[in-house]
Number of protein chains: 2
Amino acid sequence: MIGAGGVAQVVAHKCAQNNDVLGEIHIASRTLSKCEAILESVREKGAMKVEGVLKAHQVDAMDTAAVAQLIRDTGAQIVINVGSAFVNMTVLDACIETGAAYIDTAIHEDPAKICETPPWYANYEWKKRDLCAEKGVTAILGAGFDPGVVNAFARFAIDQMDEVKSIDIVDINAGSHGKYFATNFDPEINFREFTGTVYYWEDQQWKETSMFASGKDWDLPVVGTQRAYQSGHDEVHSLSANYPQADVRFWMGFGEHYINVFTVLQSLGLLSEQPVKTAEGLEVVPLKVVKAVLPDPSSLAPDYTGKTCIGDLVKGVKDGEEVEMFVYNVADHKEAYEEVGSQGISYTAGVPPVAAAMLVASGEWDAKSMRNVEELDPKPFFTILDEIGLPTRVKDAKGDRPWNA
Amino acid sequence: MIGAGGVAQVVAHKCAQNNDVLGEIHIASRTLSKCEAILESVREKGAMKVEGVLKAHQVDAMDTAAVAQLIRDTGAQIVINVGSAFVNMTVLDACIETGAAYIDTAIHEDPAKICETPPWYANYEWKKRDLCAEKGVTAILGAGFDPGVVNAFARFAIDQMDEVKSIDIVDINAGSHGKYFATNFDPEINFREFTGTVYYWEDQQWKETSMFASGKDWDLPVVGTQRAYQSGHDEVHSLSANYPQADVRFWMGFGEHYINVFTVLQSLGLLSEQPVKTAEGLEVVPLKVVKAVLPDPSSLAPDYTGKTCIGDLVKGVKDGEEVEMFVYNVADHKEAYEEVGSQGISYTAGVPPVAAAMLVASGEWDAKSMRNVEELDPKPFFTILDEIGLPTRVKDAKGDRPWNA
């Protein structure tokens, strides 16, 4: 695995818990001490299922040759990339060069570009699709929760319909961290999601709105009625390519308080990545000061309570009748912390790529080509997720039940 | 005059318009170019009533000897101090040393102390009261609008009653600068007013509340119903000493939007004067970054529209009956800009000390001792203010009319 942040912590624990399937575990990032801290946490929890290798490495993931060398040195056959979204392409290139399978959880980003033209996957990853097929390299794109599990949710629902009309992905964090304000990920990354144009797919074309402009109340299992807003999100960019006849939208839940604080900071220019000069002549990037005064996202985990609910409302036609199905998961912050020392947001993002790796290892998802998650069979994915902490449920006209009930 | 900020700009214009009474005008501050810019603006408007001296000087107002030397060199007989509140005591000392009359518009502050014990005047200025009397030096404290004109408003109303029961000073800026958010003065000074304990005088004792905790709707002339909040303010600290039998409170108008932005910034720690360290290791004072992203207060003037209403609601007993009187002024932002190139807030603060200086020059207020404004006859003050731009009105059971109608 590449990366040593909050999601990497979850990935490491889950790999350890399944090392009978996955074999040797090597964790690499730019900062060795962060890898070692994760290994220490894995050992503390006694997470290794069977005895085996668990090792930390230093690597600059922006350097393809260095990553390829590390893959060769460790004999890694599967690379789970949960480093920053800026390193996707260099790590993917190293996998193509060495033949290792590649799994990531988010679209590649150029640090200098806030908002690129849709579909985003076409700007970077998909340009390597032919090369992966030619070389027989497995590359599974966006195998976190959203993107990732929600793509499988969509596929699962669509497989039971004759025709799909719309896919609405809804991501609600109904948890509470007890702070006045905090972001669940690095504020610098977190706020990037909300400052660009919101792209969505409707009437077979890309449409645009802006953050917090389009809101809707959703009545959801467990978490109840929650307000969510159309946001830009990776999965819209592959689902719309695979199901162009369907409307595809992503909705993220925000409380009024969050939106208010965000709006004040953005309106004042305090979320800017462009430096300003103080009266004393000091050049400062306002966003970095905001980050400095906000709680460290990893500090939230111990006191985080409540649940997340993420799911897909898929509408379509079956036997000539309009049907709809909500496929979803509910996760609990406190349970996540007790199991792997992380909050629920990191947990939902970190468990799925490990399930994907297990399916590559078993051969079920070893596609020898580049795939987005909806291009793979969702059932074995759900089966593993049920076992390792993220059970899938379905709610439709027939009731609310496990996906395979 | 000492100082070259927004209020100093108004003072300079008003001194120039009345230089037949005031004589030579010398403007001094740490930054000579700021003084020169003010002189340039005075010349542009052709503000000098008669030909005369108008000159800029560089001085460190924290240095008593330097200020005393400048007073001697210029032959200044009256010093209007509208520099930062941190220089009051050094400038006052220079006046006592040279015999020049001293006029200021705000209480002395120690930059290291946010909130001192009441009454504030007793911590610094009043310690020099005996010395002023002994040397026959005139020192008029707090002769801006609030403190200043509002102290005279209180005295005027009280003079017409047998007994005073309460003095509520209400300061409403119903103007609009058209920006998302801005402060009317330097944000570093402006926010200091709201971050400490709010002291008020009730039942013959000091009581405490906190900013925005005590709000009330006021129905006022011209600006209509406006919500104002109890705030700490200089004039409470002298009026309560002079009229200990009366309750004395100060109310400042704030819109919900202002309070919201302020609350977000303060809750996040972005108004802190204590440095934080960014992830990159840069030490930054958050308040200085907030100041850097906010509009420069002086940039607001050209587009500022609307009016201010500042007044005193005084309640008491007259001939055995309960009576009340609202003494007030309404000023207009746009008219202020057209006359002296400043917004209304600076205008209301800068005109009164010039009126005070004219009364010192005429002898009417040349008390040869230290006085707060309510310890001086308000009528000649109102007469001059009527003439130079800030007319006083009265509203009571008999109607709404000029103070002398």
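**Exercise 1. Find the loop that holds A:Pro119 in this predicted model, and describe the peptide bond before that residue.**

Step 1. A:Pro119 sits in the loop between strand E4 (101–104) and helix H6 (129–135) of chain A. Helices (H or I, at least four residues) and strands (E, at least two) are DSSP runs, numbered from the N terminus.

Step 2. The bond joining A:Pro118 and A:Pro119 is cis, with omega about -10°.

Step 3. A cis bond also runs from A:Asp146 to A:Pro147, where omega is near 10°. A:Pro147 belongs to the loop between strand E5 (139–141) and helix H7 (149–158) of chain A.

The model is predicted: local features need pLDDT of at least 70, side-chain atom pairs count only at pLDDT 80 or more, and totals for chains, interfaces and linings use all residues. Residues are numbered from 1 along each chain as its sequence is written, chains are lettered from A and ligands numbered from 1 in the order in which they are written, and side-chain values use heavy atoms, with hydrogens and water left out.

**Exercise 2. Place B:Val222 and state its exposure.**

Step 1. B:Val222 is in the loop between strand E9 (215–220) and strand E10 (224–230) of chain B.

Step 2. Although not a glycine, B:Val222 has a positive phi of about 65°.

Step 3. The relative accessible area of B:Val222 is 59%, so the residue is exposed (buried means under 20% relative accessible area, exposed over 50%, partly exposed in between; 1.4 Å probe, protein chains only).

**Exercise 3. Describe the interface of chain B and chain A.**

Step 1. The contact (heavy atoms within 4.5 Å) takes 28 residues from chain B and 28 residues from chain A.

Step 2. About 2,100 Å² is buried between the chains, 78% of it on carbon and sulfur atoms. Buried area is the accessible area (1.4 Å probe) that two parts lose on being put together, summed over both. In chain B, the most area is lost to chain A by B:Tyr180, B:Leu268 and B:Val293, together 27% of what that side buries.

Step 3. The rule finds 2 salt bridges across the interface (a side-chain nitrogen of Lys or Arg within 4 Å of a carboxyl oxygen of Asp or Glu). B:Lys288 and A:Glu280 form a salt bridge through their side chains (3.0 Å, N to O).

**Exercise 4. Work out how chain B is related to chain A.**

Step 1. A turn of 179° and a shift of 0.0 Å along the axis lay chain B on chain A with an RMSD of 0.1 Å. The superposition is by least squares on the C-alpha atoms of residues with pLDDT of at least 70 in both copies.

Step 2. This is the relation of a two-fold axis.
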